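Student: I should like to learn how to read the features of a protein model together with its nucleic acid partner. May we begin with the structure itself?

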Amino acid sequence: MKNTLGKLERLKSKKLIEKLYQSGNSVKSFPLRMMYIQTEHTSDFPAQIGVSVPKRNFKLAVDRNRIKRLMRESYRLQKGIVYDQIEEPYIFMISYIGTEEIKYEEVYSKMNTLLTLFIEHSKNRIN
RNA sequence: AUAGCAGAUCUAUCUUAUCGUCAUGUGAAAAUGUGAAGGAAAGUCCGGACAUCAAAGAGUAGUAUAGCGGAUAACGUCCGUCCAGCGAGAGUUGAGGACAAGUGCAACAGAAAGAAAGUACAGUUCGGCUGUAGUGAAACCAGGUAAACUCUAUACGAUGCAAUGCCAUGUAAAUUAGAGCUCGAGAGCUACUCGCUCAAUUCUAAAGGGUAGGCAGAUAGAUUCUAAGAGUAAUUUUAGAACUAGAUAAAUGAUAAGAACCUUCAAAGGGACAGAAUUCGGCUUAUUGAUCUGCUAUAUUU
RNA sequence: GGCUCCAUAGUUCAACUGAAUAGAAUAUCAGAUUUCGGCUCUGAGGGUUGCAGGUUUGAAUCCUGCUGGAGUCA
């Protein structure tokens, strides 16, 4: 499997995002929070993902872009954790709920625990 | 040497490797080549390009600007120059037209700041008539104030890429109340008036239902660089060369190694402000570390 | 991306289109009343009028530029 994260694999549809925020579930690994829902989407990938950083906590566009890039990068390298486990299509939205910028290594490890948590949650729900 | 003034330029990086992002070329595919943030991309404060509004109709209102001359697509920008303020000087700041068109305003003080009266002294044609003093930012009958209304001159049609054109998807040509059907409801171009045009399965309101996707606009342009000329300058003419992001829940990133720079004896640490959103010319604001050019004053030495 | 508006005591608002100590309510503090507290009464303090310039004799008010906040447009 290749560690790519192209245009089709990202969550872009406004309708899907609305649906996600209305009826999705969430897992947390501070400062990250992932909303998820099992649904059909617009591509053939196992999941589509979006990232968001609130303007409330980071006023400057430079900081927001930086954090989004870090989150995308760490997801890209670790998405295999999720893809090996799920069988039906999902959509994710990962938000940054902290108020201070953190380093790449921390984002990487937090993303790891977040994705592991998600796998546990989704298995419990099925069972 | 010290202190200072003015202006210009770069923008804290570079190399290699691995894994990626967006656009685009080649290819049947696998792959692979090329390009990828700023001086302010910011604030949205001015001015244009471009697009739409059935003729960009007329008038009024409104807004902006304000010595003089020039530059420019245009400007509230820039250049030159006069005047005024500040500075010892290099320089710097200035919404810098009109109060002899009209209206208004003027706290306190003062006799008096528009309709009323008069202090002291001097002069005197003996009339508050003339001047001076005193008060005040401003005064013996006029003056001050227009970043007060206003007048003069000049400019401005309105709305903005969420403009606009096309394609696709979906529901309800349903319900209730009211108005109207050429003697016209309403709509279109706007703040107002007039004029003009369209207009009936129509218009307004209530509650309710649906869509919220794609393509074009959209990146080659008042473009950039170099040379030679015109001009005090802003700027401009000619010739040659170059192609330089185009995303849309929104690309330009992560890791590792090395080099240079700054602080420090060393270890170690550090690199500002900040992220394109149709686009261009300005202004304003934020900001690191430098480099260069011209000039002024003072002191000393030759 | 475009457009519009707001900012005055700790809080909520005044101050007419410029005139001098920027007011009121509430909150705070002190005193009176009460056995004590509350209510009530009396008094006091609290403001660089968001920031920086300009016009003016004089600015919360007029003008310009910033800062922060709010609203609106397919």
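Student: Which residue in β2 is the bridge partner of S26?

Tutor: In this predicted model, S26 is bridged to M35 of β2. A single bridge is best read within its strand pair. Here β1 and β2 (residues 32-38) are joined by five bridges, and the two strands run antiparallel.

Student: In what order do the four strands stand in the sheet?

Tutor: The order in a sheet is read from strand to strand by pairing. In this case the order is β1-β2-β4-β3, the sheet is open, and the pairing is mixed. β1 (25-29) and β3 each have a single partner strand and stand at the edges, so each has one side without a neighbour in the sheet. On average, neighbouring strands are turned by 20° against each other, direction ignored.

Student: Which helices lie against these strands, and at what angles to β3 and β1?

Tutor: One looks for contacts first and then compares directions. Helix α2 lies across β3 and β4 (90-96), and runs at about 155° to β3. Helix α4 (residues 104-126) also packs on the sheet, where it touches β1 and β2. The direction of α4 makes about 145° with that of β1.

Student: How do the elements of chain A run from the N terminus on?

Tutor: Chain A has four helices and four strands, and their succession is α-β-β-β-α-α-β-α. The radius of gyration of chain A is 14 Å, close to the 14 Å that the globule rule gives for 127 residues, so the chain is as compact as a globular protein of that length. Along the principal axes, the C-alpha atoms fill a box of roughly 40 × 30 × 25 Å.

Student: What share of the residues of chain A counts as buried, and what share of the contacts joins residues at least 24 apart?

Tutor: These are two separate readings. Of the 127 residues, 22% count as buried. Among contacts between residues at least 6 apart in sequence, 80% join residues at least 24 apart.

Student: How many residues surround RNA strand B, and which are the closest?

Tutor: RNA strand B is surrounded by 25 residues, the closest being T4, K7, K14, L60 and Y104. The elements that give two or more residues to this surface are α1 (14-23), β3 (47-52) and α2 (61-78).

Student: Which element gives the most to that surface, and how is the surface made up by class?

Tutor: The element is α2, with seven residues. By class, the surface near RNA strand B has nine charged, nine nonpolar and seven polar residues. Helix α2 thus appears in two readings: it lies across β3 and β4, and it gives the most to the surface near RNA strand B.

Technical notes:
Residues are numbered from 1 along each chain as its sequence is written. Chains are lettered from A and ligands numbered from 1 in the order in which they are written. This is a predicted model: local features need pLDDT of at least 70, side-chain atom pairs count only at pLDDT 80 or more; totals for chains, interfaces and linings use all residues. A residue is near a molecule or strand if its C-beta atom, placed from the backbone, lies within 6 Å of it. Ala, Val, Leu, Ile, Met, Phe, Trp, Tyr, Cys and Pro count as nonpolar, Asp, Glu, Lys and Arg as charged, and the others, Gly among them, as polar. The radius of gyration is taken over C-alpha atoms; the globule rule is 2.2 Å times the number of residues to the power 0.38. A residue is buried if 20 or more other C-beta atoms lie within 10 Å of its own, exposed if 12 or fewer, and partly exposed in between; C-beta atoms are placed from the backbone. Two residues are in contact if their C-beta atoms, placed from the backbone, lie within 7 Å. Two strands pair if DSSP finds at least two bridges between them. Axes are lines fitted to C-alpha atoms, for helices over the stretch in contact, and angles run from 0 to 180 degrees between N-to-C directions.
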